[in-house]
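Student: Please show me the model, and then let us work through some questions on it.

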Amino acid sequence: MRTKIIIAVADSPHATQIAQQGVALARELEALVCLVCLVDDEGVIGEGPYTTAEVRQSMYESAEHMLLKLQSEAGDVECQTMLLPGNPAKTLGRICQQQQPRYVVIGGHRHEGLVHRLSSQIAEHLIDTLPCPLLIVPC
């Protein structure tokens, strides 16, 4: 069975940096990439002239566009994509149990030169539940 790496991103300016690091690892290991974009749409409400449904649709369209861009930038690395709603920590944990990756790559936020906030709830949950190493790309 071919090695699989899950790269989990949100629709953010750091997604490219996270994906590039994960794809570089996949290239070294000749691994398949599963690029997962997690959309936490819980609690989203409409604003101004936009309905809640329109705001959610816009979130998903933007995330899908970003996934396609990252997939095309993966070049010679085979890259599947998944766009998933829900709580990022729980959703990613569930996907990892199903996909059985060798590694999971996520981003963490820098603060004063250190990885200060690792999207703390997500990282803490994954560290406790993942069956594989979690790699955090400082952003």
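Student: Which residue follows α3, and what is the sign of its phi?

Tutor: This is a predicted model, in which local features need pLDDT of at least 70, side-chain atom pairs count only at pLDDT 80 or more, and totals for chains, interfaces and linings use all residues. Residues are numbered from 1 along each chain as its sequence is written, and side-chain values use heavy atoms, with hydrogens and water left out. Helices are DSSP runs of H or I with at least four residues, strands are runs of E with at least two, and both are numbered from the N terminus. After α3 comes Gln 100, with a phi near 50°, so by that value the sign is positive.

Student: Why does the span of helix α3 agree with its number of residues?

Tutor: The expected span is 1.5 Å times one less than the number of residues. Helix α3 has 12 residues, 88–99, and therefore should span 16 Å. Its end C-alpha atoms are apart by that expected value, 16 Å.

Student: Is Cys 79 buried or exposed?

Tutor: Buried means under 20% relative accessible area and exposed over 50%, with partly exposed in between (1.4 Å probe, protein chains only). Cys 79 has 11% relative accessibility, so it counts as buried.

Student: How many disulfides does the count come to?

Tutor: A disulfide is a pair of cysteine sulfur atoms within 2.5 Å. By this rule the count is zero disulfides. For Cys 79, the nearest cysteine sulfur is that of Cys 34, 7.9 Å away. For Cys 132, the nearest is that of Cys 96, at 5.6 Å, and the disulfide count remains zero.
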